[in-house]
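The following report describes a single protein chain together with its ligand. It begins at the ligand and then turns to the sheets, the domains and the buried interior.

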Amino acid sequence: MEAYIIELKDVSKKFAEKDALRNISLSIKPKEFVTLLGPSGCGKTTTLRIIGGFEQPTNGELYFEGRRINDFPPYQRQLNTVFQKYALFPHLNVYDNIAFGLNIKKVAQKEIEKKVAYMLQLVNLEGFEKRKIHSLSGGQQQRIAIARALICEPKVLLLDEPLGALDLKLRKEMQLELKKMQQQLGITFIYVTHDQEEALTMSDRVVVMSDGEIQQIGTPEDIYNEPVNQFVADFIGEGNILNGVMLEDYRVKFEEQVFPCIDKGFGKNESVEVLVRPEDIQVVAPETGMLQGRVESVVFKGVHYEIMVRDESGVGWMIHSIHMAKKGDTVGLSILPDAIHIMKKAV
Ligand SMILES: Nc1ncnc2c1ncn2[C@@H]1O[C@H](COP(=O)(O)OP(=O)(O)OP(=O)(O)O)[C@@H](O)[C@H]1O
């Protein structure tokens, strides 16, 4: 078996004068759950459409199990797509919608019955065979769309914001269900979303994109804990980012406690960005803190308090803590060296 099921090599896409994608290279392994994540307009859908064969790259190569497929039409690629809008046939019932692809292929009716039953069980809608599409909720319709896409057993399923139209609670439920389905079937999923939490919850690897380029590819832990630049740090979760810090100043500022993390290939006089996540800062007594400051605000967020502290040099710090603090109090802030992430400064 090929090491990669899908490979994009230096893929670019121009629409008129607009660069929608610039030199995208991406290798996806069989059975991986890979998510393309980024803000609106960054090129996620264009990447997916190029993989699906609905769009031709302006430059670059596309491989499926090691074979170049640039010139293959969509129906000759062993993949299928689920869109945000379910695109079901309103005049057919649930059974006929799911069976559609197999009917086209003239598969025996007995076989189709068995497979539709399995699919309905997989998407948790047993007994829905005869239901009309318009009588289903949004979540149910999307499950049918997923069943319809999976019944032909594609090797790769492309999903373009498939949960975008659902409310938050249902979305979260479906995230877990989709992940379970993907593991059960052993199919490669390439998933598009602009929701960072969704990407972190579901993916084996996340591809963070901005403005037609890949910023970082990594496991959810990698991109959360070790973002390579300010864009990724900002987009994934919340963080305190100190801009343009000189490592020398920074060492002095944190009283040498952070010296170990300077050994990461950055020069001592290099200007860098420093990221500290809000949950990695502890509010302590003023005399024991690395920094001292005044509490500016405290907001209860359900699982934690969001505390804003302005330090003596005027830098504002956001802290997530399970302990309350009092507005106006002078406090100390303590940060473990491992929680201080140094990133390349944006050019
Ligand atoms: N058919 C097209 N003609 C011209 N420009 C296009 C076309 N399709 C996409 N674009 C442009 O290419 C860029 C990338 O679009 P794309 O739809 O891939 O982004 P996206 O990250 O999926 O955004 P969203 O989350 O809003 O769907 C955008 O600037 C978009 O306007």
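## Surroundings of the ligand

The ligand is surrounded by F15, K18, A20, G38, S40, G41, C42, G43, K44, T45, T46 and H194. Two elements, β2 (18-28) and α1 (44-52), give two or more residues each to this shell. The largest share comes from α1, with three residues. By class, the shell around the ligand holds three nonpolar, seven polar and two charged residues. The model is a predicted one, and the positions described here should be read accordingly.

## The chain as a whole

The secondary structure consists of nine helices and 18 strands. Along the principal axes, the C-alpha atoms fill a box of roughly 80 × 45 × 40 Å. Of the 347 residues in the chain, 34% are buried. Among contacts in the chain with a separation of 6 or more, 67% are between residues 24 or more positions apart.

## Strand pairing

Strand β2, which contributes to the ligand shell, also belongs to an open sheet of four strands in the order β2-β1-β4-β5, with antiparallel pairing. In this sheet β2 and β5 (67-68) stand at the edges; each has a single partner strand, so one side of each is left without a neighbour in the sheet. Strand β1 (residues 6-15) runs antiparallel to β2 and is joined to it by seven bridges. Within this pair, K13 stands opposite L21 of β2.

Other pairings involve strands β8 and β12. The table lists four strand pairs with their sense and bridges.

| Strand pair | Sense | Bridges |
|---|---|---|
| β1 and β2 | antiparallel | seven bridges |
| β3 and β8 | parallel | five bridges |
| β7 and β8 | parallel | five bridges |
| β12 and β18 | antiparallel | four bridges |

Strand β8 (residues 188-193) pairs with β3 (residues 33-37) and with β7 (residues 156-160). In the pairing with β3, V34 stands opposite I190; in the pairing with β7, L157 stands opposite F189. Six of the six residues of β8 are buried, so this strand is largely enclosed by the rest of the structure. In a regular strand the side chains alternate between the two faces of the sheet. In β8, T188, I190 and V192 point one way, while F189, Y191 and T193 point the other way, and all are buried.

Strand β12 (residues 271-276) is mostly covered, with five of its six residues buried. The partner of β12 is β18 (residues 341-344), which runs antiparallel to it. The bridge partner of V272 in β18 is K344.

## Two domains

The chain is divided into domain 1 (6-230) and domain 2 (238-344). Their centres, taken over C-alpha atoms, are separated by 39 Å. Five residues of domain 1 are in contact with six residues of domain 2. On the domain 1 side, the residues that touch domain 2 comprise two nonpolar, two polar and one charged.

## The nonpolar core

The largest nonpolar core has 79 residues, and A147, L157 and I190 have the most contacts inside it. Helix α4 (residues 138-150) gives the most to this core, namely six residues. Both domain 1 (6-230) and domain 2 (238-344) give residues to the core, so it lies between them.

Two residues illustrate contacts made across the sequence. Leaving aside neighbours within four places in sequence, I190 is in contact with I28, V34, L48, I51, V156 and L158. V34 is also the residue that stands opposite I190 in the strand pairing.

The second residue, I6, has its place in strand β1. Is I6 buried or exposed? I6 has 25 other C-beta atoms within 10 Å; because the cut-off for a buried residue is 20 or more, I6 is buried. Apart from neighbours within four places in sequence, I6 is in contact with I28, I51, F64 and V156. I28, I51 and V156 are likewise among the contacts of I190. By contrast, I6 and V123 are 117 residues apart in sequence and 26 Å apart in space, C-alpha to C-alpha.

Terms used. Residues numbered from 1 in each chain as written. Predicted model: local features only at pLDDT ≥ 70, side-chain atom pairs only at ≥ 80, totals over all residues. Near = placed C-beta within 6 Å. Nonpolar A, V, L, I, M, F, W, Y, C, P; charged D, E, K, R; others polar. Pairing = 2+ DSSP bridges. Domains from an automatic or database assignment. Contact = placed C-beta atoms within 7 Å. Core = buried A, V, L, I, M, F, W, Y, C linked by C-beta atoms within 7 Å. Buried ≥ 20, exposed ≤ 12 C-beta atoms within 10 Å, placed from the backbone.
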